[in-house]
Amino acid sequence: MAQETFTFQTEVERLLEIVAHSLYSHKEIFLRELISNASDACDRLRYAALTEAHLTAGDTDFKIRIVVDRDARTLSVVDNGIGMNRDDLLETLGTIARSGTQAFLAKLSGDAKKDTSLIGQFGVGFYSAFMVADHVDVITRKAGEEHAWRWSSDGRGQFTIDGAERPSRGTTVTVHLKADEDEFLETMRLSGIVKKYSDHIGFPILLGEGEKAETLNAGSSLWMRPKKDITESQYKEFYRHVGHGFDDPWLTLHNTVEGVVSYTSLLFIPEQAPFDLFDAERKGRVRLYVRKVFITDDCEGLIPPYLRFLRGVVDSEDLPLNISRETFQHDPRLAKIRSGLCKRVFDELAKKAEEAPSEYETFWNAFGAVLKEGLYEDFENRERILPLCRFRSSAGSELTSLDGYIGRMKPGQDAIYTLAGDDVEALKRSPQLEGFRAKGVEVLLLTDPIDEFWIPSVRTYKDKPFKSAAAADAQLDTIEADTKAAEPTSEPPDGLEQMLGRLKDVLKDAVKDVRASKRLTESAVCLVAGEGDLDMHLERLLRRHRQLEGDGATPRVLEINPTHPLIRRLAAVAADSPEAIFADAAFLLLDQARIQEGERVSDAQAFSRRLAACLERSLTA
Ligand code: ADP
Ligand code: MG
């Protein structure tokens, strides 16, 4: 068969560049990656053989072998797993199938330090071999097929595929070591690396060939070993294998449940958010095993989508081996396992939140936005999730729980006030907060898009309704003020009613109403949503995602601050100011409120003309 040459997908090329400049300080991890792949390949074949026994005929003894050739200066990782045919090779070694790859790579800056931590969320897997190799050969034969194939590359833009010989199924990855990487030919060094990173692998890993081969690992599935025999570093390396993570686990949960349905679970919560956390697919990454046989790493129904940050393994004695992956998800036993896992995770999170609040903050910052999806879609567990939620608030820089917030509510305050926007700092400066601040009323600042969805569906916490501080009906006047200073200092100006009427006449449909504000203490104006109207932040969000038709924004209520000097001045002249001058002022005030709200002025030309006219008048006085 003629040799064919292919070009790496652009993303792979980019990744290889990074790998070649060796962002990892521990190059040795390439071996862990190759062993991890070999183990996955054995897992996959064992599963396939459940229904097609002939695939493993003649060799049911899965193993991974490391072979060194000192003369050729090569290191090979050999497995008798599922193997690859030509199409598989083309699909997997030359491309990166993972969704979000492109977006991820775009984030890499070229700044080695930053990139290392970013790439940690991604993992380069097979391609890490090029950290130590100037050439990699893969000779592989798929279980049940006749032909073997050789994939070959120096990692610089191209790879070749041609026919090859291999006496039986499986894959041999041969790494041709770079000039200064001889340490990876040393038996001691290799066995050290395997013990360090791959001891948890459930298949025997042998070093050497034939009779003289030495088994380097314990060779039993890590999750089935007693907790007391497992070191923290073994847990960590196992996490990296099953989770494809390069960070450390933030939390490790290992336990066995005996009951109607018995199972063992070893679950991890990562430290860092993986790059594809917000993929539309919201796929879970927990592997399902049945009596130590790998079934799937994509089991819908095992873990709810809002816990998709969990990594690890669930192994059950009581699920049938021979049922298809598709029917699994409807199995009531699986539902039992799921609710047990959820409960366990919530309990552990609650414990962490209680005992180690600052560590909990790390978790919350990485995964809080995901967990909150559960408030919206898992009615059953809502009451468990709510106390786990943390919020930024107007009261300080600390995160607060809802219980903490309720504890600080003012006499006469009957709602949990929230304000939604894109970023906390901007929200803190928002004019809508002025009156709340003056009265010492705390407002939760919401910046995750999901907040717009769970709040309307949850509605209350401990009988306290959630209410937007940017809604017209925020009832500030029933709340007792912290200090006398918070009470309005001046009487409403004469001409207030007349000014309000005139503003309404001039602004017409551009606003829903014009009212004197109780919430403003510093700013002259602000916009609020009329009763029953779409929240302003939500409207912007929907528009950004093109979920709203048309371009006319919902008219808002313009609130004006009767104590502000500008408004008092406007009220004083409201009766006899010429039409054009009053209109300029009215529209400029509205535009000012829009800008503060983070919106565009409705007509930039008109805005500039009015501003210029106004400035001119003020300068010629
Ligand atoms: P990942 O393991 O995260 O999928 P890798 O880059 O490590 O990513 O491997 C890419 C793909 O190449 C694997 O998903 C698998 O399909 C294939 N592959 C790699 N090594 C082997 C192997 N030893 N046997 C079979 N397939 C393999
Ligand atoms: Mg891999």
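**Exercise 1.** State which helix gives the largest share of the shell around ligand 1, then describe the ligand's surroundings.

*Solution.* Step 1. Helix α2 (residues 29-51) supplies the largest share of that shell, 3 residues. Helices (H or I, at least four residues) and strands (E, at least two) are DSSP runs, numbered from the N terminus. The model is predicted: local features need pLDDT of at least 70, side-chain atom pairs count only at pLDDT 80 or more, and totals for chains, interfaces and linings use all residues. Residues are numbered from 1 along each chain as its sequence is written, chains are lettered from A and ligands numbered from 1 in the order in which they are written, and side-chain values use heavy atoms, with hydrogens and water left out.

Step 2. The residues around ligand 1 include Asn37, Asp79, Phe126 and His244; a residue is near a molecule if one of its heavy atoms lies within 4 Å of it. By class, the shell divides into 5 nonpolar, 5 polar and 2 charged residues. Here Ala, Val, Leu, Ile, Met, Phe, Trp, Tyr, Cys and Pro count as nonpolar, Asp, Glu, Lys and Arg as charged, and the others, Gly among them, as polar.

Step 3. The side chain of Asn37 has an N or O atom 2.8 Å from an oxygen atom of ligand 1. For the side chain of Asp79, an N or O atom is 2.9 Å from a nitrogen atom of the ligand.

Step 4. Taken alone, ligand 1 exposes 540 Å², and the protein buries 83% of that (Shrake-Rupley method, 1.4 Å probe).

**Exercise 2.** Give the strand order of the open sheet of 9 strands and find the strands at its edges.

*Solution.* Step 1. The order is β1-β6-β5-β4-β7-β3-β2-β8-β9, with mixed pairing; two strands pair if DSSP finds at least two bridges between them.

Step 2. β1 (4-7) and β9 (214-215) each have a single partner strand, so one side of each lacks a neighbour in the sheet.

Step 3. Strands β2 (residues 64-69) and β8 (residues 205-207) run parallel and are joined by 3 bridges. Within β8, Ile205 stands opposite Ile64.

**Exercise 3.** Describe the pairing of β12 and β13.

*Solution.* Step 1. Strand β12 (residues 285-290) pairs with strand β13 (residues 293-296) in the antiparallel sense, over 3 bridges.

Step 2. The bridge partner of Leu288 is Thr296 in β13.

Step 3. This hairpin has 2 residues between the strands, and Arg291 takes a positive phi near 45°.

How values were computed:
A polar contact is a pair of N or O atoms within 3.5 Å; within protein, one must be able to donate a hydrogen and the other to accept it, and residues adjacent in sequence count only if both atoms are side-chain atoms.
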